[in-house]
Amino acid sequence: QIADQVSVALSNSSLVTALKKLNLGTLEALARTVDAKSTWTAGHSERVTLLSVKIAQVLGWDEKQLESMKRGAYLHDIGKIGIPLSILDKPGRLTEEEYEIVKDHPEIGARILEPIEAYADVIPMVLQHHEKYNGKGYPHGIAGEEISMGARIMAVADVYDAVASDRPYRQGWIEEKAISMIKEESGEHFDPQVVDAFLTAISE
């Protein structure tokens, strides 16, 4: 199933061409294209990128690492181009079967990027951004420091933006509620070190 979805995604030759360009403007445009597939995700990748970079800065990342963080965050949902729009834009909650299809997107994204050597450093971020610190995430159920730091950072930024933004089946949470949830999931869904950096980043 994943192979079929990747095949569909790669059928657009302009995608591969764009990915071979390391210009951040190109990646930003590509992220907007992916987000525009659903009316509910417009701007998501850009917001996740901005917050991920702020968190990484608090953690002391250098310029080269921050550049990698930007690229990974812009591309973190690229695998969703292989997910049917009927699922991404569904007005109600997903069925178990539909959710399993959505859960394929990190692996689809990683396989899209795999042939491009220049993106080797961001593939773990794309593949692992839905892993959980306690090992109960997907796609591989890895835990703790097995998860790349970039993916651990992105996990916080991604979830924060997702819960704070409107979705077809619910309104976005108020900021205080979203922050409270991130705190509560420290040590479970999220790396405690990253949560602390997130709290610093959003207070600045």
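**Close-up views of an all-helical predicted model**

From the N terminus on, the elements of the protein run α-α-α-α-α-α-α-α-α-α-α-α.

**Figure 1. Overview of the predicted model.** The structure shown is a predicted model. The protein contains 12 helices and zero strands. Of its 204 residues, 48% are buried. Among contacts between residues at least 6 apart in sequence, 64% join residues that lie at least 24 apart. The accessible surface of the protein amounts to about 10,000 Å², and carbon and sulfur atoms account for 50% of that surface.

**Figure 2. Helices H3 and H4 where they cross.** Helix H3 covers residues 24-35 and helix H4 covers residues 44-58. The axes of H3 and H4 come within 8 Å, crossing at roughly 130°. H3 is therefore oblique to H4. On the H3 side, the residues in contact are Glu28, Ala31, Arg32 and Asp35, which meet His44, Ser45 and Glu46 of H4.

**Figure 3. Threonine 49 and its surroundings.** Threonine 49 is a residue of helix H4. With a relative accessible area of 4%, threonine 49 falls under the 20% limit and is therefore buried. Its side chain reaches the backbone oxygen of serine 45 at 2.7 Å. When residues up to four places away in sequence are not counted, threonine 49 touches Lys70, Ala73 and Tyr74. Two of these partners, Ala73 and Tyr74, are listed among the buried residues of H5.

**Figure 4. The length and start of helix H5.** Helix H5 is made of 12 residues, numbered 63-74. At 1.5 Å a residue, H5 should span 16 Å, and its end C-alpha atoms are 16 Å apart, so the expected span and the model agree. At the start of H5, a side-chain oxygen of aspartate 62 reaches to within 3.2 Å of the backbone nitrogen of lysine 64.

**Figure 5. The buried residues of helix H5.** The residues of H5 that are buried are Leu66, Ser68, Met69, Arg71, Gly72, Ala73 and Tyr74. An α-helix has 3.6 residues a turn, so residues three or four places apart point the same way. The buried residues of H5 pack against four helices, namely H3, H4, H9 and H10. In the sequence, H9 is formed by residues 123-128 and H10 by residues 149-164. Contacts with H4 include those that threonine 49 makes with Ala73 and Tyr74.

Terms used. Residues are numbered from 1 along each chain as its sequence is written. This is a predicted model: local features need pLDDT of at least 70, side-chain atom pairs count only at pLDDT 80 or more; totals for chains, interfaces and linings use all residues. Side-chain values use heavy atoms; hydrogens and water are left out. Helices (H or I, at least four residues) and strands (E, at least two) are DSSP runs, numbered from the N terminus. The expected span of a helix is 1.5 Å times one less than its number of residues. Buried means under 20% relative accessible area, exposed over 50%, partly exposed in between (1.4 Å probe, protein chains only). Contact means heavy atoms within 4.5 Å. A polar contact is a pair of N or O atoms within 3.5 Å; within protein, one must be able to donate a hydrogen and the other to accept it, and residues adjacent in sequence count only if both atoms are side-chain atoms. Accessible areas come from the Shrake-Rupley method with a 1.4 Å probe; for residues, only the protein chains shown count as cover. Axes are lines fitted to C-alpha atoms, for helices over the stretch in contact, and angles run from 0 to 180 degrees between N-to-C directions. Angles under 35 degrees count as roughly parallel, over 145 as roughly antiparallel, 65 to 115 as roughly perpendicular and the rest as oblique.
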